[in-house]
Amino acid sequence: MKLAEVVRRLGIIPFVIGAGVALVLSTGGLMMWRAHARTNKVALAGAPKPVTVVAAKSTSYRPSRTYVGTLEPWVQASVGPQFVSAYVDTVLVRPGAKVSRGEVLATLDCRNANAAQRAAQSQARASDARQRAISHEAARTEGLLDGGFVSPNEAEKKIAESAAELAQLQATQAKLASSALEVSDCVLRAPFDGEISKRSIDPGAFVRPGVAIVNVVDRSIVRVTADAPEVDFDVAQPGTSVSLHLFATNRDIPATIARRAPAADLATRTVHFEIDVPDPKREIPVGTTGEVRIDVGEPEPATEVPLSAATVRGDRATVYLVEGDVARSKVVSAKGDFGGRLFLDPSLRGGSLVVVEGRALLNDGDRVASKVLAGGEPALPGKQP
């Protein structure tokens, strides 16, 4: 029975092997069919390239010059000691504080200067007393000279002593005036009406002449300073109207050039000019940047497209136009750009569809599937939205 059982089992093995081979072959065939079914039979070069387009606008363009300027206060001062070195006793203001002319801003510990002034005052009083006494004695001696009671040498000696004491008195008075300046330098006052822009020193610090404790600015009038190339000397004439854009506040202000330097800088070959902007409410921050735009020439017809829609080389711009479902390269004369917009020759008609996105992969004559940039005209019929 055991031999018959073994023979029977051995007879089943070929069938099991055959079934396994058939299953593997069928599975491999299904996988190959699935892979071939998912393969794209259409060449990528022949497929339309997706692009985003925008309609060009007919407008006008006026040539202009743009310069970067700095906003500066009408006047500014760094307030600190000019004659004495001392410890800072008090600082009474902080940035943003409004101050009036003559208002105390800080004080210094000037006990040494006060003592020196008192000593100079005492020396001046003593010298004055000596000078008066010697002067009176010289006058009496000179009177005795006429009667022959004193010799001329003695009289001249007294007169010389009186003159020397007078010179000493004048020197002492000058020293007293110098010490008075040092004492007054210990109380720092605002030189004009303005605001505190910076506080550099706190109480307890030691300061020397020329070290600023606080900075004061007057913003009642803001000066916009800029430099123009020497070829634009006539463009930046005093009285010329300009458009001023303030980056700090994102404001546009009409203004007029107030003054212009009569000579160019020898190093940069640029001409300095300034614009005065009244600011009675003191809303414009100084030390910031502004853009000065001056229109030149007359307005002329132009076609406007986004600056990103063209490749500009000198005064020539290359754009891609969508005609039907084909992209065509076109070279147009460029007039200028402003605020992210490019102004082209009106030979590019308004309403033409100009490629904005996807243009880097295009060649002249490529098929495209276009959609209009958000906010543009509706998509063309038959095109992908």
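**From strand 8 through the sheets and aromatic pairs**

S197 lies in strand 8, which covers residues 194–199. The structure described here is a predicted model. With a relative accessible area of 40%, S197 is partly exposed, because this value falls between the 20% limit for buried residues and the 50% limit for exposed ones. Leaving aside residues up to four places away in sequence, S197 touches P95, N215, V216 and V217. Its C-alpha atom is separated by 8.2 Å from that of A97, although S197 and A97 are 100 residues apart along the chain.

An open sheet of 4 strands, with antiparallel pairing, follows the order 7-6-4-9. Its edges are formed by strand 7 (187–189) and strand 9 (206–207), each of which pairs on one side only. Within this sheet, strand 4 (residues 86–91) and strand 6 (residues 104–109) run antiparallel and are joined by 4 bridges. One position illustrates the register: T90 has T107 in strand 6 as its bridge partner.

A further set of pairings centres on strand 11. Strand 11 (residues 241–246) runs antiparallel to strand 12 (residues 251–260), and 6 bridges join the two. Here S243 has P254 in strand 12 as its bridge partner. The hairpin of strand 11 and strand 12 has 4 residues between the strands, and in this hairpin N250 takes a positive phi near 55 degrees. Strand 11 also pairs with strand 14 (residues 289–295), in the antiparallel sense and over 4 bridges. In that pairing L244 stands opposite V292 in strand 14. As background to such pairings, side chains in a regular strand alternate between the two faces of the sheet.

The side chains add contacts of another kind. R260 lies over the face of F233, at 3.8 Å from the ring centre. Strand 12, which spans residues 251–260, includes R260 as its last position.

The structure also holds 3 aromatic pairs. One of them joins Y67 and F273, whose ring centres are 5.7 Å apart and whose planes meet at 75 degrees, so the pair is edge-to-face; the angle required for this class is over 60 degrees. Y67 belongs to strand 3 (residues 64–79) and F273 to strand 13 (residues 270–278), so the pair ties together parts that are 206 residues apart in sequence. Both Y67 and F273 are buried, whereas S197, the starting point of this account, is partly exposed.

How values were computed
Residues are numbered from 1 along each chain as its sequence is written. This is a predicted model: local features need pLDDT of at least 70, side-chain atom pairs count only at pLDDT 80 or more; totals for chains, interfaces and linings use all residues. Side-chain values use heavy atoms; hydrogens and water are left out. Buried means under 20% relative accessible area, exposed over 50%, partly exposed in between (1.4 Å probe, protein chains only). Contact means heavy atoms within 4.5 Å. Rings of Phe, Tyr and Trp (its six-membered ring) pair if their centres lie within 6.5 Å; planes under 30 degrees apart count as stacked, over 60 as edge-to-face and the rest as tilted. A charge sits over a ring if NZ of Lys or CZ of Arg is within 6 Å of the ring centre and within 35 degrees of the ring normal. Two strands pair if DSSP finds at least two bridges between them.
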